[in-house]
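Thanks for coming. I will take a few minutes to walk through one structure, and you can follow along on the screen.

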Amino acid sequence: FSVTGPAHFMIMSLVVPGTHSYQYIYTATVGMSEFPEFVVVGMVDGEQVNYYDSSIKEMIPRREWVKGAVDPDFWNRGTQILLGWQQTFKAGIEILRQRFNQTGGVHTWQLMYGCELDSDGTTRGYFQFGYDGADYISLDKSTLTWTAANQRAVITKNKWDATGADARFQTNYLENTCIEWVKKYVEYGRETLLRTERPQVSVYSRVSGSQGPEVTCLATGFFPKDIVVHLQRDGQDLQEDVHSGEVLPNGDGSFQVRKSLRVSEEELKRHQYSCRVDH
């Protein structure tokens, strides 16, 4: 058999040019004493730019260039706002525990919102909540209403839809303020955010327990985040039974992703496996 390496890879440009994004993730937890009960992470193009948690009680920059994009009082204002959100989330998770008839255990209440700006000017935005890893409620910008993901969320939907004020406020933020932040951050972080780092690609096989060989394609060290990876058998792209991992951050600001396929010993001997990466 043959597991091919970088000599067999094709590195090409993606059809869709750069998309820039601005995103926040708020996470409240109960039942996890080793983890802060409230954490907020702000990201631009998948890179963490600011951070807050209930232990430090302070909003701090995660990238040096971010300091130049904001006024000196930005961090103090952000801290005060997030201190308020901390209390809101703490109360919210208790309400949800009662609504779901839960008395103990580990539980999470999350908010994820943000926007994207394509190079042709197309914009997108989202604002959604999740509870214990499942969708709970999300904003429908087209109707200025909220969409409940389950029956228990209908109570929240009815309350928020009553005036429509929250939906209008968040939609305006996503379509205007958020996009302006994307533009500003990309301008100030140009050297970092607009850099291009080619992926380092490898293909390898390993046997884990009694399940047989697994062929894996690993692409790592690339930036920006957008990438398409194809695991191939005898030069043909594979789709069926291929496990596609998420694009994950490396510690240096670059990204990595894996594609893997479980094969038999006979298939490993008879076929040549390679990897094609579009970046």
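Take the link between C217 and C275: the torsion about its S-S bond is about -60°, so this disulfide is left-handed. The two sulfur atoms lie 1.9 Å apart. In the chain, C217 belongs to strand 12, residues 213-222, and C275 to strand 18, residues 272-278. That makes it a link between distant parts of the chain, with 58 residues from one cysteine to the other. Is C217 buried or exposed? It is buried, and C275 is buried as well. Keep in mind that this is a predicted model.

How many disulfides does a search of the whole structure find? It finds 2. The other pair is C115 and C178, with sulfur atoms 2.1 Å apart. This link is left-handed too, with -90° about the S-S bond. C115 sits in strand 7 and C178 in helix 3, 63 residues apart, so to speak of distant parts of the chain is fair here as well. Both of these cysteines are buried. Counting bonded cysteines along the chain, the pattern is 1-2, 3-4.

Now the sheet. It is an open sheet of 8 strands, in the order 6-5-4-3-7-8-9-10, with antiparallel pairing. Which strands stand at the edges? They are strand 6, at 60-61, and strand 10, at 145-148; each has a single partner strand, so one side of each is left without a neighbour in the sheet. Helix 3, residues 165-188, packs on this sheet. The strands that helix 3 touches include strand 3, strand 4, strand 7 and strand 10, and its direction makes about 60° with that of strand 7.

For one pairing in detail, look at strand 3, residues 19-30, and strand 4, residues 38-44: they run antiparallel and are joined by 7 bridges. One residue to pick out is Q23, whose bridge partner in strand 4 is M43.

Stepping back, the protein is divided into domain 1, covering 20-194, and domain 2, covering 200-278. Their centres, taken over C-alpha atoms, are 33 Å apart.

Last, confidence. The mean pLDDT of the protein is 89, and 94% of residues reach 70 or more. Where is the pLDDT below 50? Over residues 1-17, a stretch that has 43 contacts in the model beyond near neighbours in sequence. Where pLDDT is low, the predicted coordinates should not be read in detail.

Notes. Residues are numbered from 1 along each chain as its sequence is written. This is a predicted model: local features need pLDDT of at least 70, side-chain atom pairs count only at pLDDT 80 or more; totals for chains, interfaces and linings use all residues. Side-chain values use heavy atoms; hydrogens and water are left out. Two strands pair if DSSP finds at least two bridges between them. Helices (H or I, at least four residues) and strands (E, at least two) are DSSP runs, numbered from the N terminus. Contact means heavy atoms within 4.5 Å. Axes are lines fitted to C-alpha atoms, for helices over the stretch in contact, and angles run from 0 to 180 degrees between N-to-C directions. Domain bounds come from an automatic or database domain assignment. pLDDT is the predictor's confidence in each residue, from 0 to 100. A disulfide is a pair of cysteine sulfur atoms within 2.5 Å. Buried means under 20% relative accessible area, exposed over 50%, partly exposed in between (1.4 Å probe, protein chains only).
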